[in-house]
Amino acid sequence: MSSQSTVAPQIDRSEIQALVSKYGQPLCRRHCIETDAYLRSYRGQADPDRRGEVVFAIRQLNGEILLHTKHRYERPIYRLPTGRIERGESVEKALFREIAEETGQEVQVCRFLGVLDCHFINGSSINSFVSYIFYLQSLSKAFSPTDTDEIAGFRTVPAQELGVVAEELRSLDSFRRCWGYWRSLSHDLVHNALACGRLG
């Protein structure tokens with residue numbers, strides 16, 4: 001019998017069904033990840049300020065997927081944009097708020113692509129953190145993020161190259177090793193959804 005205790009996320013099944021009715025059935029994945037010191041401090045413990053995150057794969061007018069990097073990274077690390085879901089905030093509201101903050105683009109939701117339920121293991125405790133992943137179409141060329149203190153730059157890649165981006169994240173070393181593995185999972189899911197023809 002396991003002596004591990006689990007801190008569960010606040011997943012509202014009725015909210016999931018409402019999203020499914022509007023944007024389609026997502027892929028659902030669960031992953032168990034042994035944390036290191038950085039991931040443990042970053043996501044491997046209960047966070048009173050958020051109940052999960054949104055991940056947004058925005059197809060740009062050039063047909064490619066938007067990636068971003070942040071000022072706090074020790075070198076440019078380009079990945080899909082993400083943002084917190086605050087306590088008491090709906091997934092859908094958080095999605096549009098975070099897209100406005102991080103890109104400033106007008107978008108249309110195409111698909112509800114996935115739900116990642118990641119269990120961060122720290123000795124005898126497990127903290128579960130949920131990522132809700134969406135595929136969207138940009139309706140504008142320009143970027144005008146309001147969170148300019150955090151966003152350092154953008155680039156785009158063909159959707160088929162998201163698997164390469166995932167491998168780059170998994171190859172990070174030093175204190176970003178576990179973080180990079182965790183971040184790679186959402187990129188794998190979007191890439192796999194493309195391979196299954198779910199992106200249209």
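## Charge balance, fold and three loop residues

In this predicted model, the mean positions of the 25 positive and 25 negative charges of the chain lie 3 Å apart. Lys and Arg are counted as positive and Asp and Glu as negative, while His and the chain ends are not counted; each charge is placed at NZ of Lys, CZ of Arg, CG of Asp or CD of Glu.

Because the model is predicted, local features need pLDDT of at least 70 and side-chain atom pairs count only at pLDDT 80 or more, whereas totals for chains, interfaces and linings use all residues. Residues are numbered from 1 along each chain as its sequence is written, and side-chain values use heavy atoms, with hydrogens and water left out.

The chain contains five helices and eight strands, arranged along the sequence as β-α-β-α-β-β-β-α-β-β-β-α-α. Helices (H or I, at least four residues) and strands (E, at least two) are DSSP runs numbered from the N terminus. The radius of gyration is 16 Å, close to the 16 Å given by the globule rule for 200 residues, so the chain is as compact as a globular protein of that length. This radius is taken over C-alpha atoms, and the rule is 2.2 Å times the number of residues to the power 0.38. The C-alpha trace spans about 50 × 40 × 35 Å along its principal axes.

Of the contacts with a separation of 6 or more, 78% are between residues 24 or more positions apart; contact means heavy atoms within 4.5 Å. Buried residues form 50% of the 200 residues, where buried means under 20% relative accessible area, exposed over 50%, and partly exposed in between (1.4 Å probe, protein chains only).

Three loop residues are set out below.

| Residue | Loop | Relative accessible area |
|---|---|---|
| Q25 | between α1 (13–23) and β2 (27–34) | 45%, partly exposed |
| Q60 | between β3 (50–59) and β4 (65–70) | 6%, buried |
| S174 | between α4 (162–170) and α5 (177–195) | 58%, exposed |

The side chain of Q60 makes a polar contact of 2.8 Å with that of Q105. Such a contact is a pair of N or O atoms within 3.5 Å; within protein, one must be able to donate a hydrogen and the other to accept it, and residues adjacent in sequence count only if both atoms are side-chain atoms. Leaving aside residues up to four places away in sequence, Q60 touches L66, Q105, Q137, S138, S140, F143 and T156.

The C-alpha atoms of Q25 and F112 are 6.6 Å apart, although 87 residues separate the two along the chain. S174, a residue other than glycine, has a positive phi near 55 degrees.
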